[in-house]
Amino acid sequence: MEETATAGANTSQQQADINQNWRANRQNTTGQDNAAAPTPQARYRRPKTQEPVPDDLTSTLIHALRTPPYPDCPICFSSIHPSQPVWSCSPSIPVITIGPDVAAQYCWTTFHMKCIRAWAGKSVREVQDAWRARGEERGGEWRCPGCQGKREEVPNDYWCFCGAMPEPKPPRLATPHSCGNPCSRVRESGCGHACPLTCHPGPCPPCQVTTQLHCYCPRQKPLMIRCGVDQGQGRDLSCGEPCQRMLACGKHKCEKPCHKGSCDSCAVVDQAKCWCGKVEKEVGCGVGEEVVSITINPNGQEERWSGRFSCDNICDRYVDHSQPFRLWHPPLPPVMPHPLHHALRVLPACGHACPAKCHTGPCPPCTVPMVRPCRCGAITRSIACFELYVQGEGDGAHEEREILCERPCMALRACGKHECRRYKARRRGVGTSGEEEGPGGLHECDLCEERDHKGPCPPCLRSSFEELICACGQTVLEPPVPCGTRIACNYPCQREPPCGHPRTPHTCHGDDLPCPPCPSLTTRPCACGKKTVGNVKCSLTADKISCGSACGKLLACGFHHCEKLCHSGDCGACVLPCGKARKLCLPNTHPCTHPCHAPSACPEDTPCAASVTLTCPCGRLTQTARCGRSTVHPTRTHPALKCGPECRVAQRNARLAEALGISDDGAKGKGVVYPEEVMGFARANARFLSVVERAFKEFVEGEKRTQVLPHMPPERRKFVHDLASVYRMDTQMVDQEPHRSVQLIRRIDTRVPAPLLSTHIASSAPPPSLGKLADLKSGAWRLGARLRRSKGPAGTALGTRHPGAGWDANSDSECGRGDTAQEGPVADNWEDDV
């Protein structure tokens, strides 16, 4: 792949040289012709001056993308025109770095979207096939042809350079492939300041915002610097004055200029003695441990000095220990010479040295910790030395006692077949003498009458002199009964099943074996307990019976409901998307896409990825853009679209039609033609038709540009969509199932048609009669059934609107949001009760 990229780069360079030579020859030929026959206008024409292009990468990329000849795609070697979707090597798809401390590098090269998609997809498939050939299932990766950076995600969508708008359509003077809005890319430095440029290719320039920071020294002098200056390599916040921090010696202060980090050690040199007072030399200030030494010489005179280091000589001073000759050590408290200072006692039991100071009489018990395994070898224990040894039988003899544990011994018994399973037993073959255990040892096998035998046990010779009776009582074995005899009864089992169903035919058996499961079909509650499932086996437990519907229980987060199929037990932690409305996006109800994080508030530090619809002032042109609001840009707004030539033509035609009295419905005065599918649905849903016509009329006569209707089933959404086209209104679907609804968008030619669909149906001839079949399909039959179902014991009327039941034909609040300015979805719905 690297050879292919290199060959492509060489071919591209050769093609660029050929094009440049051809343009130069053409300019020379044209210049000679013009010089031979100059025109009068050319004599006084001011020569054109080309503005110099800045040498930074961002300006070079902008100039190359907007100025012909356009740059070539490194994959197909074709020019990249402004109208062609592109992808650039940028942090929109991060590269795979070697380690966490290695910074990611990007080449910002621009490619055709179709070329880079095919390039990356082919590379990913080849890597996956290579891993699969080795017997491993791993994901693939691909390399950028420009910088060879590895990535796993394949680019599939066309976005602007800052990643704020899909399918960008920049204005005429903006950079191609940009959204024309301020750059919303997060700076790599993480300072939080916004980029001052509009959406652009290449890296963002260093941040020029001036910030105030303090210097390193204790003065904390404020310094004014630019935010983006030397941030990657570390800023120099030195004020230039002496540091004046107290050094480690505690006597002198640091005289170096204001610096970062800890100060150096003190450079002052002092004359000091060693701890024994024999050597004196120069040492650094604060080096060593300064201790006042006091001793009494053999003449009884007291000597006192301050020692700070060791001279590595023998001390030769009298101390209260039994070690008169010790190498260098800090001074100890002075004592008078002791007659026992030359002896070091050894304890007779363990051989350890006595840890006490020089003393007379017997030594105290030895407290040296000893680590010994237990008798079975399962654990080790640390025990004091004097607790490990006990007095033996001989004079002065000591024996080491065994350590016991509280675990059962897992060694095999003497038979070689059974495990010991006894407490405080010795491991097989591990004794004080290291020999094998003989008969009658700790691992003697007493599970059989013949102790410690090898191989299978011989038959038991004992017999029972009691009758052996089966469970049903119909088969009896007379004594004597040999040990281990099992009775076989061929009579049917007489036990009654606890469920009450008829017995399943099977032979008699003991109490240690259960009866076969009941095969009868019955009705049982499902695992979630909401429904009762029929025709299930009686032997099945409730946790194995599923009704096939969603659980629906409220999860621990208190906001979502369980979407798993019918199950038993706990629903588990909530892993669903949050779905709550982002506060920064109000009045739009864009959902939070993070995993459920209740009861904490929604994190809005990432830009909102929901799409919003931008319209021109007349409502004729529409465009979709990403919302992009976050804590960094809490009040981000999108500029409104400007009306185009088509909008001005439509407005001019409307003014001319209004001035000349021309009707939009046609010069011949014919009424509106409704599709047959719309008329058929309206005949079967007369009440729903009246609700829709009243909502459309209030929207047309109002001043709102858009309106979101309550959610409704798919067939009703299709009817509203088809009928809105007759009213000359644009529609689009909003929200997700089951709350999906229709949004109405006003156009410049929106009007109420004449005649209305209800009037047209009432005046048209009735459809041909089909007998009882037509009665079953008619709306009257369904309306009558609904009337019978809706009547309660108190005689509740059909037209009564219950809370949360949607729009009713007799309700006055079916116009969606006629009395509010909010344009998001509402909780009302157009369900079957309309």
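Two strands count as paired here if DSSP finds at least two bridges between them. With that in hand, meet a small piece of this predicted model: an open sheet of 3 strands, a helix that packs on the sheet, and a nonpolar core of 25 residues.

**The sheet**
- The strands line up in the order β23-β25-β24, and their pairing is antiparallel.
- β23 (706-708) and β24 (730-734) are the edge strands, so to speak the ones that each pair on one side only.
- From one strand to the next, the twist averages 20°.
- β23 and β25 (residues 741-745) run antiparallel, and 3 bridges join them.
- Look for T706, which stands opposite I745 in β25.

**The helix on top of the sheet's strands**
- Helix α9 (residues 714-726) packs on the sheet and touches β24 and β25.
- The direction of α9 makes about 10° with that of β25.

**The cores**
- In the largest nonpolar core, the residues that touch the most other members are F696, F719, V720, L723, M729, L744 and L757.
- At least two residues of this core come from each of α7 (676-684), α8 (686-701), α9, β25 and α10 (757-763).
- α8 gives the most, with 6 residues.
- Setting aside neighbours within four places in sequence, L744 is in contact with a list of residues including F696, F699, T706, L709, A724 and M729.
- There is also a second, separate core of 21 residues, and F161, L614, L641 and C647 are among them.

Key:
Residues are numbered from 1 along each chain as its sequence is written. This is a predicted model: local features need pLDDT of at least 70, side-chain atom pairs count only at pLDDT 80 or more; totals for chains, interfaces and linings use all residues. Side-chain values use heavy atoms; hydrogens and water are left out. Helices (H or I, at least four residues) and strands (E, at least two) are DSSP runs, numbered from the N terminus. Axes are lines fitted to C-alpha atoms, for helices over the stretch in contact, and angles run from 0 to 180 degrees between N-to-C directions. Contact means heavy atoms within 4.5 Å. A nonpolar core is a set of buried Ala, Val, Leu, Ile, Met, Phe, Trp, Tyr and Cys residues joined through side-chain atoms within 4.5 Å. Buried means under 20% relative accessible area, exposed over 50%, partly exposed in between (1.4 Å probe, protein chains only).
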